[in-house]
Amino acid sequence: MAFTQLPLPYDFNALESYGMKAETFEYHYGKHHKAYVDNLNKLTEGTDLADKSLEEVIQISFKDASKAGVFNNAAQVWNHTFFWNSLKPAGGGVPTGVLADRISQDFGSFDKFKEEFSTAAATQFGSGWAWLVDDGGTLKVIKTPNAENPLVHGKKPLLTIDVWEHAYYIDFRNARPAFIKNFLDNLANWEFAAANLG
């Protein structure tokens, strides 16, 4: 069973008015994400991993240094699908309901959360991700390098931002902080995060 690239939850140009050009998705989704899917299928074809779920492949390959290539591609397939769903047209702003209450409870305020999330995303050296996670009932912000994600550390991801340079260079050049601010102000899909919280 081949791994597949799930369709974007919106058109390539759906976020044009919110700081992300269609060209970004042509490259990021159409080339980078697709390459991870293609590479994963080549690496797992004919192996016992080919019939596993993507999450199982991530967990198995993370624990086996000889499968680092499999892990990097499998995790990047998963991470990117999660990231696309962390974005929405006219997103951003302040969450509501249970998620808002939990953020206020665990961070002190939404502004404190924004500060912590922005700092994590801005200070992830090189390539990686910043995440809002549920860690055993407490909401936390973490950052992970390269392809690593919260699944391998037993944490439940709620929302993520991709801070690999190719995620923002077309729209923001080298201004990662501007990309992070735009994500929080205009793109963050709080309904997706709330659904992940359950």
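This report walks through the two domains, the nonpolar core and the salt bridges of a predicted model.

## Two domains side by side

Let's begin with the overall layout. The domain assignment splits the protein chain into domain 1 (20-84) and domain 2 (95-195). Taken over C-alpha atoms, the centres of these domains lie 20 Å apart.

How many residues of each domain are in contact with the other? On the side of domain 1 there are 21, and they touch 24 residues of domain 2. Together the two domains bury about 2000 Å² between them, and 69% of that area is on carbon and sulfur atoms. Three residues deserve a look here: M20, F82 and F83 supply 32% of the area that domain 1 buries against domain 2, more than any other three residues.

## Polar links across the boundary

Carbon and sulfur are not the whole story. Nine residue pairs, both at pLDDT 80 or more, are in polar contact between domain 1 and domain 2. Helix 1 (22-44), helix 2 (54-62) and helix 3 are the elements that each give two or more residues to the side of domain 1 that touches domain 2. Helix 3 gives the most, with nine residues.

The count of salt bridges between the two domains is one. You can also find the salt bridge in which the side chains of K21 and D171 meet, at 3.8 Å from N to O.

## The nonpolar core

In soluble globular proteins, nonpolar side chains tend to be buried together. Here, the largest nonpolar core has 61 residues. Which of them touch the most other members? They are L87, F113, I161, F183 and W190. Helix 3 (residues 68-85) provides the largest share of this core, nine residues. Both domains take part, since the core draws at least three residues from each of domain 1 (20-84) and domain 2 (95-195).

W190 is a good residue to select in the 3D view. Leaving aside neighbours within four places in sequence, W190 is in contact with ten residues that you can pick out one by one: G92, G93, V94, P95, L99, I103, F110, F113, L132 and L159. One of these partners, F113, is also among the core residues that touch the most other members.

## Salt bridges, short and long range

Side chains of opposite charge can pair when their charged atoms come close. The model has nine salt bridges by the rule used here. In one of them, K34 pairs with D38, and the closest N and O atoms are 2.7 Å apart. Why are these two about one helical turn apart? Because K34 and D38 are four residues apart in helix 1. K34 is partly exposed, with a relative accessible area of 38%, and D38 is partly exposed too, at 30%.

Other pairs reach much further along the chain. The side chains of K88 and E191 meet at 3.2 Å, N to O. K88 sits in the loop between helix 3 and helix 4 (97-107), while E191 is in helix 8 (residues 190-197), so they are 103 residues apart. K88 counts as partly exposed, at 23% relative accessibility.

D185 and K114 form another salt bridge, with the closest N and O atoms 3.7 Å apart. Because D185 lies in helix 7 (residues 176-187) and K114 in helix 5 (residues 110-123), this pair ties together parts that are 71 residues apart in sequence. D185 is partly exposed at 27% relative accessibility, and K114 is partly exposed at 26%. Salt bridges with shared partners join K114, K181 and D185 into one network.

Notes
Residues are numbered from 1 along each chain as its sequence is written. This is a predicted model: local features need pLDDT of at least 70, side-chain atom pairs count only at pLDDT 80 or more; totals for chains, interfaces and linings use all residues. Side-chain values use heavy atoms; hydrogens and water are left out. A nonpolar core is a set of buried Ala, Val, Leu, Ile, Met, Phe, Trp, Tyr and Cys residues joined through side-chain atoms within 4.5 Å. Buried means under 20% relative accessible area, exposed over 50%, partly exposed in between (1.4 Å probe, protein chains only). Domain bounds come from an automatic or database domain assignment. Contact means heavy atoms within 4.5 Å. Buried area is the accessible area (1.4 Å probe) that two parts lose on being put together, summed over both. A salt bridge is a side-chain nitrogen of Lys or Arg within 4 Å of a carboxyl oxygen of Asp or Glu. A polar contact is a pair of N or O atoms within 3.5 Å; within protein, one must be able to donate a hydrogen and the other to accept it, and residues adjacent in sequence count only if both atoms are side-chain atoms.
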